[in-house]
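Student: Could we go through the side-chain contacts in this protein together? I'd like to take them one at a time.
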Amino acid sequence: MLTSHCFLYEPGRTFADVASATCPTGRTPSAYNCRYFTSRLCCCPNARQLTHIRSQAKRERHMRAAAVAGNLSLGIDCGTSGARSIVIDGDCKIVFETEAIFDKLQSEDWVAPWTRALLHLLQQLPQDIKDHITSLCIDGTSSTALLIDSKRGDILAPTKLYNEDQGSEPLAAIKEIAPEWHCARGSTSTLAKLLDWHFKGIWQQAKADGYSPVLLHHADWLASLLTDRRDTSDWNNTLKLGYDPEAEQWPPWLISQPYAGLLPPKVLAPGQAIGTVTHRMAKLTGLSKDCVVCAGTSDSTSAFIAAGVQGPGEAVSSLGSTFAAKLLSEQRVDNSQYGVYSQRIGNSWLVGGASNTGGAVLRAHFTDDQLAELSQHIDPEKPSGLDYYPLLKAGERFPVNDPHLEPRLTPRPDSDVEFLHGMLEGIANIEARAYSLLTELGADPLTKVYTAGGGSRNPVWIRIRERKLGVPVVASTQVQAAYGSALLAHQGATKSLPRAV
């Protein structure tokens with residue numbers, strides 16, 4: 001029968017215990033998953049009853065023989081619903097991909113499906129490819145936090161996910177110490193999660209019990225499984241914990257707090273080497289023990305790196321359900337009024353903000369087939385004559401800060417083509433205003449936009465956006481965050497990014 005709790009969450013248990021455990025069938029942990037223990041590894045024949053995982057091996061034909069003759073880099077993206085790995089060669093061409101979907105049991109903490117997915121991705125890589133992987137990098141969801149024992153790796157509290165609101169008490173405490181412009185001033189920030197553990201006495205009790213508690217982010221923790229280094233994070237993930245990536249240190253307003261001992265002692269640039277794969281994990285996964293594990297980043301930053309941006313002034317617009325603008329700038333911009341903040345990439349800054357407009361508004365009125373059909377009848381060179389601000393419900397923060405802003409989708413023409421034209425143009429106007437605002441706040445002027453999401457597949461909409469933005473709009477080179485992480489791993493091996501960022 002299944003256990004009713006997560007094995008990794010038991011006090012005194014470590015990942016090493018999981019990796020070396022045997023299951024009730026007497027089998028060894030040579031394969032992937034076990035239906036008896038929710039996060040142990042074994043080769044039970046009914047493993048898929050516990051976790052449904054899909055793996056896709058793609059692009060095997062892409063110069064496979066030539067690729068494995070040189071050094072390879074591995075990027076792993078651990079997102080909200082699944083994980084993906086991408087292996088690239090020295091020319092940054094993809095040679096292999098695998099994918100895993102999380103299937104979390106109600107009784108489990110998230111560390112269990114994350115562990116299974118990570119090992120599955122690594123074990124599904126062909127050995128001839130793993131033999132040539134010299135570096136790897138992992139990205140994870142921003143503001144997802146774990147409280148662990150820095151000595152043994154024990155999980156000391158349930159994982160706090162990126163979108164979990166920590167309530168008014170942590171938020172009020174942050175506002176008392178953090179600068180007004182800081183992105184840590186939010187109820188879902190990593191700092192809010194640390195303060196929730198503080199106010200509930202969780203880390204204090206763990207310390208009294210003999211543990212050495214430390215906060216790690218999603219990507220940090222996954223990397224620690226491979227290196228046994230539980231003291232390291234990166235510039236981007238620590239931003240919402242309060243880290244100052246410009247000064248490359250924890251700020252005085254934070255380091256003076258009684259919970260400062262929970263902060264990761266080492267914060268590295270994304271792509272900088274943390275250490276190498278341990279002997280145990282090399283044996284378990286087939287990776288070389290000389291493989292360098294690099295500091296990671298957030299999933300959104302990896303996706304930006306993957307897009308193909310060449311230098312300051314270029315941006316990535318993600319037009320999925322909502323709209324996010326990210327502009328590479330030589331100048332740092334932080335503005336709490338509009339929810340704008342900057343992440344450091346090399347010696348540049350990724351300045352971004354997010355709007356509530358986007359594809360979800362379009363799909364509230366049209367199906368995907370209707371969008372494609374109606375778009376063919378729109379002349380993108382002509383204005384619609386409509387002044388729309390498409391939203392699903394009242395409330396906007398960027399590029400207009402108004403929590404009571406009502407959606408504006410009237411007057412409604414009789415023609416669906418005209419109505420859609422007005423909506424596409426309205427979203428394009430919001431995008432143009434967003435980049436103008438970033439420039440007004442101090443970021444570099446916009447020169448080019450790479451587009452990802454549903455908005456990248458509609459040529460009519462792209463032309464409307466080009467007309468409103470006044471710069472070229474092109475499809476992103478890659479859309480997978482795992483590819484961006486692979487580029488960071490390549491940087492860790494070559495000491496330089498393949499692109500200007």
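Tutor: Gladly, and please keep in mind from the start that this is a predicted model. A good residue to begin with is Arg84, which is buried, with a relative accessible area of 11%.

Student: Which side chain does Arg84 meet in a salt bridge?

Tutor: The partner is Glu99, and the N to O distance in this salt bridge is 2.8 Å. The two residues come from distant parts of the chain, since Arg84 is in strand β2 (residues 82-88) and Glu99 is in strand β3 (residues 94-101), 15 residues apart.

Student: And Glu99, is that buried or exposed?

Tutor: Glu99 counts as buried, because its relative accessibility is 14% and the cut-off for buried is under 20%.

Student: OK, how many salt bridges are there?

Tutor: The count comes to 21 salt bridges. One of them joins Asp387 and Arg408, whose closest N and O atoms are 3.5 Å apart. Both residues sit in the loop between α13 (368-375) and α14 (416-440), with their positions 21 residues apart in the sense that they are 21 residues apart.

Student: Are those two buried or exposed?

Tutor: Asp387 counts as exposed at 53% relative accessibility, whereas Arg408, at 32%, counts as partly exposed.

Student: What about Glu425, which residue does that one meet?

Tutor: Glu425 meets Arg467 in a salt bridge, at 3.1 Å from N to O. Because Glu425 lies in helix α14 and Arg467 in helix α15 (residues 459-469), the pair ties together parts that are 42 residues apart in sequence. Glu425 is buried, with a relative accessible area of 3%, while Arg467 is partly exposed, with 25%.

Student: Which residues are linked in a network of salt bridges?

Tutor: Such a network links Asp244, Glu246, Arg332 and Asp334.

Student: Switching to rings now: how many aromatic pairs are there?

Tutor: There are 6 aromatic pairs. Among them is the pair of Trp114 and Trp221, which is tilted, with 6.3 Å from centre to centre and 55 degrees between the planes.

Student: Where do those two tryptophans lie?

Tutor: Trp114 lies in helix α3 (residues 111-124) and Trp221 in helix α8 (residues 218-227), so the pair ties together parts that are 107 residues apart in sequence. Trp114 counts as buried at 2% relative accessibility, and Trp221 counts as buried at 3%.

Student: Which residues form the aromatic cluster?

Tutor: The cluster is formed by Phe102, Trp110, Trp114 and Trp221. Trp110 also has Lys104 over its face, at 5.6 Å from the ring centre.

Methods
Residues are numbered from 1 along each chain as its sequence is written. This is a predicted model: local features need pLDDT of at least 70, side-chain atom pairs count only at pLDDT 80 or more; totals for chains, interfaces and linings use all residues. Side-chain values use heavy atoms; hydrogens and water are left out. A salt bridge is a side-chain nitrogen of Lys or Arg within 4 Å of a carboxyl oxygen of Asp or Glu. Helices (H or I, at least four residues) and strands (E, at least two) are DSSP runs, numbered from the N terminus. Buried means under 20% relative accessible area, exposed over 50%, partly exposed in between (1.4 Å probe, protein chains only). Rings of Phe, Tyr and Trp (its six-membered ring) pair if their centres lie within 6.5 Å; planes under 30 degrees apart count as stacked, over 60 as edge-to-face and the rest as tilted. A charge sits over a ring if NZ of Lys or CZ of Arg is within 6 Å of the ring centre and within 35 degrees of the ring normal.
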